[in-house]
Amino acid sequence: MKERFPKDFVWGVATASYQIEGAVFADGRGESIWDRFCRMPGRVAGGDRGDIACDHYHRYQEDVALMAELGVDSYRFSIAWPRVFPAGKGKPNPKGLDFYKRLLDELDKVGIKPMATLYHWDLPQALQEEYGGWVSRDVALYFQDYAAYVLEEIGERLPWVVTINEPWVAAMLGYGYGTHAPGIRDFKAALTAGHHLLYGHGLAVQAFRELGIAGQIGITLNLTPYYPYSDEEKDVCIARRMDGMTNRWYLDPVLKGEYPADVAEWFEERQILPDLPMEDLAIIAEPIDFLGINYYTRGIVGHSDEDPCCVKEYPPEFPVTDMGWEIYPQGLYDLLTRLTKDYGPIPMYITENGAAFPDQAEEGRVHDTARVEYLEAHFHQAAEAVASGVPLRGYYVWSFLDNFEWAFGYSKRFGIVFVDYQSQARAIKDSGLWYRDFLRKK
Ligand code: FCB
């Protein structure tokens, strides 16, 4: 199947700082909103927290060696803002950035190209306390300062930069549903936060361009295709609205410089639409070099008279992963072809795709056949999309390692490499071996 992808297609693995690094007190790192959230009783399964995680901060050499063994072309990781600016702003902490310089050196040695995400949810707690986090416009400006500093220091070493990971999740789960840090439940605040995340993205792109960096910059969105339960107009209408709230609300500002009118109207009717400065859209729509896509599952929805928002979510048709997410590879093809049709031929990378299963190690082996099947089926759909003319440039498997899965703590395992959290021993799962063999093919 590999031959169905272009020769220069980029195959990688992905992680994020808070999920793997640990060492939360090392070398002057400041507190993040996730450190704080994990310490609030009942917020994270099992009371788990990222204090140690995979101890990647100390084991990065071993981890890069494992990546080299897999044979990946690229590694997507994120930079922890509170390592670089412990208070979010003001004086940088060079020791914090040094970690990423060491990591880049290590990747360099084995010829693995880095893709760095600037924000994967670990906001400095000081910015939460002083400004209320992303509900404040100032935080977008401090994000630009942080981005500019990082890019000045290491930008030339980064072939790809992702500004923000999944603004929908950061805004809606963090400020709307409150299931992620900072744990706020206020949908109007969530829409404000979402806007500032996008604004911060645009400002970071501006900084990148001003510095004249040679690499490419983009944003990563979590995109979930919604399918109507039936062809009836009222079900189709709900699917379109769900698509609007989850996907178009982020895609349209970034790629078209406008918020989708139908969704804005719906938010307005529910009185949760904040007064957003529309002139920001020019900055939010700063041209990007690529769109990053995180794809895991789809939704099936229809109309309901019982629900206050008229939405009924239907149960999956196909088997689900350990997250309860329906396995629907066809959704990836539908999504990629639809994006190309609606937004033009923007180069795309799948910056995350993968699955959690309840893996167990038996004498150092993990027979995660379901994950192999998941990946194979999704690779196949990506190949189909490429054959249909979609400008897909790369694919990063989520995740390289088992790690801290946010509100689910360590209970969900997404890795193609198993982590024994007691001993910190790693073991390449069957899916990792399968990926390695796939990557060896011509
Ligand atoms: C995405 C996140 C990533 C990981 C996967 C399972 O929403 O970007 O950090 O938790 O889900």
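This report describes the strands, helices, unusual backbone sites and ligand surroundings of one predicted model.

## Basis of the model

The model is predicted, and local features need pLDDT of at least 70, while side-chain atom pairs count only at pLDDT 80 or more and totals for chains, interfaces and linings use all residues. Residues are numbered from 1 along each chain as its sequence is written, and side-chain values use heavy atoms, with hydrogens and water left out.

## The barrel and its helices

Eight strands form a closed barrel in the order β1-β2-β3-β4-β5-β7-β10-β11, and their pairing is parallel. Helices (H or I, at least four residues) and strands (E, at least two) are DSSP runs numbered from the N terminus, and two strands pair if DSSP finds at least two bridges between them. On average, neighbouring strands of the barrel are turned by 25° against each other, direction ignored; axes are lines fitted to C-alpha atoms, for helices over the stretch in contact, and angles run from 0 to 180 degrees between N-to-C directions. Strand β1 (residues 10-14) and strand β2 (residues 74-78) run parallel and are joined by three bridges, and A14 has R76 as its bridge partner in β2.

Two helices lie across strands of this barrel. Helix α7 (residues 137-154) lies across β3 (113-119) and β4 (160-165) and runs at about 160° to β3, where contact means heavy atoms within 4.5 Å. Helix α9 (residues 187-210) lies across β3, β4 and β5 (216-222), and its direction is at about 165° to β5.

## The open sheet and the hairpin

A separate open sheet has three strands in the order β6-β8-β9, with mixed pairing. Because β6 (226-228) and β9 (311-313) stand at the edges with a single partner strand each, one side of each is left without a neighbour in the sheet. Neighbouring strands here are turned by 40° against each other on average, direction ignored. Strand β8 (residues 299-303) is joined to β9 by three bridges, the two running antiparallel, and H303 stands opposite V311 in β9. Helix α10 (residues 233-256) packs on this sheet, touching β6, β8 and β9, and its direction makes about 130° with that of β8.

Strands β12 (residues 417-420) and β13 (residues 425-428) run antiparallel and are joined by four bridges, with V419 opposite R426 in β13. Four residues lie between the strands of this hairpin, in which Q424 takes a positive phi near 65°.

## Unusual backbone sites

Two cis peptide bonds deserve a look in the loops. One joins A181 and P182, with omega about 5°, and P182 is found in the loop between α8 (167-176) and α9. Another joins W398 and S399, with omega about 10°, and S399 is found in the loop between β11 (392-398) and β12. In addition, D27, a residue other than glycine, has a positive phi near 50°, and D27 lies in the loop between α1 (17-20) and α2 (33-38).

## The ligand and its surroundings

The ligand is surrounded by Q19, H120, W121, N165, E166, N294, Y296, E352, W398, E405, W406 and F414, a residue being near a molecule if one of its heavy atoms lies within 4 Å of it. This shell divides into five nonpolar, four polar and three charged residues, where Ala, Val, Leu, Ile, Met, Phe, Trp, Tyr, Cys and Pro count as nonpolar, Asp, Glu, Lys and Arg as charged, and the others, Gly among them, as polar. W398 thus appears in the shell and also in a cis peptide bond with S399.

An N or O atom in the side chain of Q19 is 2.7 Å from an oxygen atom of the ligand, a polar side-chain atom of H120 lies 2.8 Å from a ligand oxygen, and an N or O atom in the side chain of W406 is 2.9 Å from an oxygen atom of the ligand. The protein covers 94% of the 290 Å² of accessible area that the ligand has on its own, areas being computed by the Shrake-Rupley method with a 1.4 Å probe.

How values were computed. Polar contact = N/O pair within 3.5 Å; in protein donor to acceptor, adjacent residues only side chain to side chain.
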